[in-house]
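Please read the points below alongside the model. They begin with the ligand site and move outward to the fold and the domains.

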Amino acid sequence: MLAARLILDQGIEVTGVGFSSPFYGSRRGRRAAESLGTPFVSRDITREMIEVLSNPAHGYGKHLNPCTDCHRLMVSTAAGMLEELGASFIVTGEVLGQRPKSQNRDALNAVAKGAGRGLLLRPLSARLLPETVPEREGWVDRSRLMGISGRSRKVQLELAERYGLTGYQSPAGGCLLTEAGYCRKLKELREHEGWVPEELNLLRFGRHFRLPSGGRVVSGRNREENEILEKLAREGDYLFQAAERPGSLVLLRKPVEVTARDRELAAAVCLRYSKEKGVPRLALARWRPGEEKAIIEAGAEDISGLMI
Ligand code: SF4
C-alpha cells in the first residue's frame, strides 16, 4: 500500500495485481486496492506455484515457503500482464533487508530478473538500489522515492500514519506455506498422492487422517468447513455425518476402491467429532455425492494414530 501510495503521489496511475493459489489468496490485495481507490486484477498461478514449490531454485524459508522464487514468479507474471493492462512498469513493496533471506540484495536481484529489462521498481528502497528504467526515463522522480532498509518497520508505520492508511494486515499472515501444521500435511500429501491442484485445495480445510489402506479422511471443524467439504466431494467419495445431531461432516476419499474397513474408520472419525460426546456407538448418515443418505451405525475406535 505504501509503495503504491508513493507512486500515486507522483500522479501515476496504478493497477493492483494480486495472485491466488491453494496456498494464498488475493483478498488482502483487493482490500488494499479498494482502500487506495485503484483498480485491481487477480491471477490464479496454481500450476506455476506448484512447479516452484516442487523445486525452488533459491530454496525454502523456515517452512515450505519458497519466498524468493515465489516473488520472482509473481513479478514475472505481472511482467507478462503489462501490455494487457496498458502498464509501463511494475512496483512492489519489497524493502531491502526486511527479510534476511528473501529480501537481501541477492534475492532482490534474482526477483528483479523475473521482470526483465529493469522494469521493477521498489519505491520504498529505490534510493539504495540501482536506477531502474522508470527512474532513468523520468517516468518516476527518484528523488521522491525512499531509501528504507532493515527489519524495523518503524519508518513504514510512520509513513502509514502520515498517509492515514488503516486496515493493513500483519506482514506475517496470509500464506499457508509459512505455517508448520499445514506444511506437515503438505509433505505428507506429496509422499502419498503428489501435489495436484484439487487435492491441495482440499488440504486447506478440516482435520486430515491417513488410512492404513492409503485413503484419506477429512473432518470438517465447523459449519463453514462442512459446507466446503460437501461442495468439494466428488464421485467415488463418501460423506458421513451424525444422523441425530449433525456435527462434523467427514469426507472419505481414496483413489482406488473404498473398502468396508475404510468406511468403518471414516465413521469412527465422524463419531469422534460428533456432538454426541462419550457415546460408544452412533447412528450416522452416510452417502455419496448425488446419492440418497443411508443410516448406519458407527462404533468408537482409537483413530488418534491416523491423524496427519
Ligand atoms: S510468504 Fe508465501 S506468498 Fe509470500 S513470498 Fe513467501 S511463499 Fe510467496
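1. Around the ligand stand Y24, N65, P66, C67, C70, H71, C175, L177 and T178, where a residue is taken as near if its C-beta atom, placed from the backbone, lies within 6 Å of the molecule. This shell divides into 6 nonpolar residues, 3 polar and no charged, with Ala, Val, Leu, Ile, Met, Phe, Trp, Tyr, Cys and Pro counted as nonpolar, Asp, Glu, Lys and Arg as charged, and the others, Gly among them, as polar.

2. Two sentences on provenance are needed here. The model is predicted, so that local features need pLDDT of at least 70 and side-chain atom pairs count only at pLDDT 80 or more, while totals for chains, interfaces and linings use all residues. Residue numbers start from 1 along each chain as its sequence is written.

3. Strand β1 (residues 16-20) pairs with strand β2 (residues 40-44) in the parallel sense over 5 bridges, pairing being accepted if DSSP finds at least two bridges between the strands. Within this pair, V17 stands opposite V41 in β2. Helices (H or I, at least four residues) and strands (E, at least two) are DSSP runs, numbered from the N terminus.

4. Helix α2 (residues 27-36) joins β1 and β2 in a right-handed β-α-β unit; right-handed means that, with the strands pointing away from the viewer, the path from the first strand over the helix to the second runs clockwise.

5. The domain assignment gives domain 1 (2-176) and domain 2 (205-306), with bounds from an automatic or database assignment. Their centres, taken over C-alpha atoms, are separated by 42 Å.
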